[in-house]
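Reader: I would like a close look at one part of this model, namely how its strands are arranged and what packs against them. Please take me through it step by step.

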Amino acid sequence: MTDGPLSVDAFRQVAQRSTDLERSVAFYRDVLGASHIATFDPPGLAFFDIGGVRLMLDAIPGAFEHEGSPLYFSVDDLDASVAALREAGVTIEEAPTLINKDEAGNFGPAGAEEWMAFFRDPDGNVLAFSEIRAP
């Protein structure tokens, strides 16, 4: 919380570019299991609900000319989630790795570990699964 008039405390939507909307919708829906809200094509948009946050896939030509930033998905069992990705034919770019041991408790319980694994969607956007492991 800030002292100013503006305070953001939750994501409403994040956007990722897509070069093939149908392929991207199938990946997020069928491989990752995200809840598909709607597809509007034209103009070339698809929406998903992921834990109350909207993911917008944007395939409108010229709308997304820069590389997107990584999306981090929370999972309960990182190893099982990575195994499911591999079964679906997804290449894991970085296997489950300890990213941070939160000794001070800055992000949750002191001593908790954050583990991540990285992969890409069909358009090359960087994605990660993240698991917080209790101390």
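Author:
**The open sheet and its neighbours**

In this predicted model, strand S1 and strand S4 (residues 53-58) run parallel and are joined by five bridges. Within that pairing, valine 14 of the chain has leucine 55 in S4 as its bridge partner. Helix H1, which spans residues 21-31, packs on the sheet and touches S1, S2, strand S3 (45-50) and S4, and the direction of H1 makes about 10 degrees with that of S3.

The sheet itself is open and is formed by four strands in the order S1-S4-S3-S2, with mixed pairing. Strand S1 (13-17) and strand S2 (35-40) stand at its edges, and each has a single partner strand, so one side of each is left without a neighbour in the sheet. From one strand to the next, the twist averages 20 degrees.

Further along the chain, antiparallel pairing can be followed through S6, S7 and S8. Strand S6 (residues 92-102) is joined to strand S7 (residues 112-120) by seven bridges, the two running antiparallel, and here isoleucine 92 finds its bridge partner in phenylalanine 119 of S7. S7 in turn pairs with strand S8 (residues 126-133) over eight bridges, again in the antiparallel sense, and the bridge partner of arginine 120 is valine 126 in S8. These two strands, S7 and S8, form a hairpin with five residues between them, and in its turn glycine 124 has a positive phi of about 85 degrees.

Methods: Residues numbered from 1 in each chain as written. Predicted model: local features only at pLDDT ≥ 70, side-chain atom pairs only at ≥ 80, totals over all residues. Heavy atoms only, no water. Pairing = 2+ DSSP bridges. Axes fitted to C-alpha atoms, helices over the stretch in contact; angles between N-to-C directions. Contact = heavy atoms within 4.5 Å.
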